[in-house]
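Work through the exercises below with the sequence and the coordinates open. Each task is followed by a solution in steps.

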Amino acid sequence: AALLTPSLFAKGKVVVANRASRDVSIIDVKTDEVTTIAMPDNGESMYVVHSPAMNRVFVGDRANSRVVVFDGADFSVESTVPAGNGVFHMWGSAAVSQLWVNNDIDNTITVIDTISLEVLATIPLPADLVAAGGKPHDVVLDQTAPDAFVTMLGISGANDYVIKYDANSFEETARAAVGQDPHVSLSRQGNLLYVACQNSNSVFVLNRDGLEAQAPIAVPAAHGAGMPLNGKVFYTTNIANGGTDGLVAIDTRTNTVIDSVDTPFPVPHNIALTPNGKKIYVTHSGGAADKVSIFEVEDDSGVPTPVGDVTVGVNPFGLAYVP
């Protein structure tokens, strides 16, 4: 497919955490050229969050139970912040200047001030769900309200859970049973939370206030979760189908599938988008995997078109757009 006008992608980077090679790849959005830098202290890079206030890039380090703080301009290491054991998904919010880090060995959440780099709280997960086998997994913060949404998976029975927290008091304010292996996304627009549930072949749709459920959307092996700033399309990955129908677009006005497209490699995992939603990057994970596939959205339909791929480090996991 022909590339879109380069001016649409004149600035910015996509930063990829490569779990197995323990490094970070930086993709220039305009040229798709790749630079890879090592994690300090042989850190196990997991997920990436950009914080605009100080132009910092946070990368979770599972091996060293911490978060590494990079300067977003030159990617020098600015600092490290301790977290819990089992660092996994994390998310940030400029509205409350917080980074939430899920620790799936300790069954806690570490909350970090993205400006002072202080640990504000270590939140234990609900005891009843932990007793049932639950572990924290994905997390997303509302940019328009002091709310955080954390998924718990591995719970005995048919359902996993989404837990809503107040980002000021760090108290649980609501919970909802959802499908199994849930990952979450939201936008500034509307009041819905999209929950991709891989092992239930569904995307659950919840009201963000009380987590009341709407009708789920059928998507095979729905896993990755991403949305452009305008909130018009929710993208998820079909992680288990070898790349066939690997990237799925859902219209958030009607909550119906717009289309699905093949990915050039298996195990399409996590998603990052440019702010205008015109370019989409997807990691392909696995023991020897080293690819990120690239898509463009050529019109208002939201349908992605594959335009290429780049080689990054081994087992690319989380990724994020950095201005």
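The exercises go from the whole chain to one loop residue.

The model is predicted: local features need pLDDT of at least 70, side-chain atom pairs count only at pLDDT 80 or more, and totals for chains, interfaces and linings use all residues. Residues are numbered from 1 along each chain as its sequence is written, and side-chain values use heavy atoms, with hydrogens and water left out.

**Exercise 1.** Determine how many helices and strands the protein has.

Solution. Take helices (H or I, at least four residues) and strands (E, at least two) as DSSP runs, numbered from the N terminus. The result is one helix and 28 strands.

**Exercise 2.** Compare the radius of gyration of the protein with that of a compact globule.

Solution. Step one: the radius is taken over C-alpha atoms, and the globule rule is 2.2 Å times the number of residues to the power 0.38. Step two: for 323 residues the rule gives a value near 20 Å; the protein has 18 Å, which agrees. Step three: the C-alpha trace spans about 50 × 45 × 35 Å along its principal axes.

**Exercise 3.** Place N241 and describe its surroundings.

Solution. Step one: N241 sits in the loop between strand 21 (233-238) and strand 22 (247-251). Step two: N241 counts as partly exposed because its relative accessibility is 38% (buried is under 20%, exposed over 50%, partly exposed in between; 1.4 Å probe, protein chains only). Step three: a polar atom of the N241 side chain lies 3.1 Å from the backbone oxygen of T244. Step four: P268 is 27 residues from N241 along the chain, and their C-alpha atoms are separated by 9.0 Å.

Notes
A polar contact is a pair of N or O atoms within 3.5 Å; within protein, one must be able to donate a hydrogen and the other to accept it, and residues adjacent in sequence count only if both atoms are side-chain atoms.
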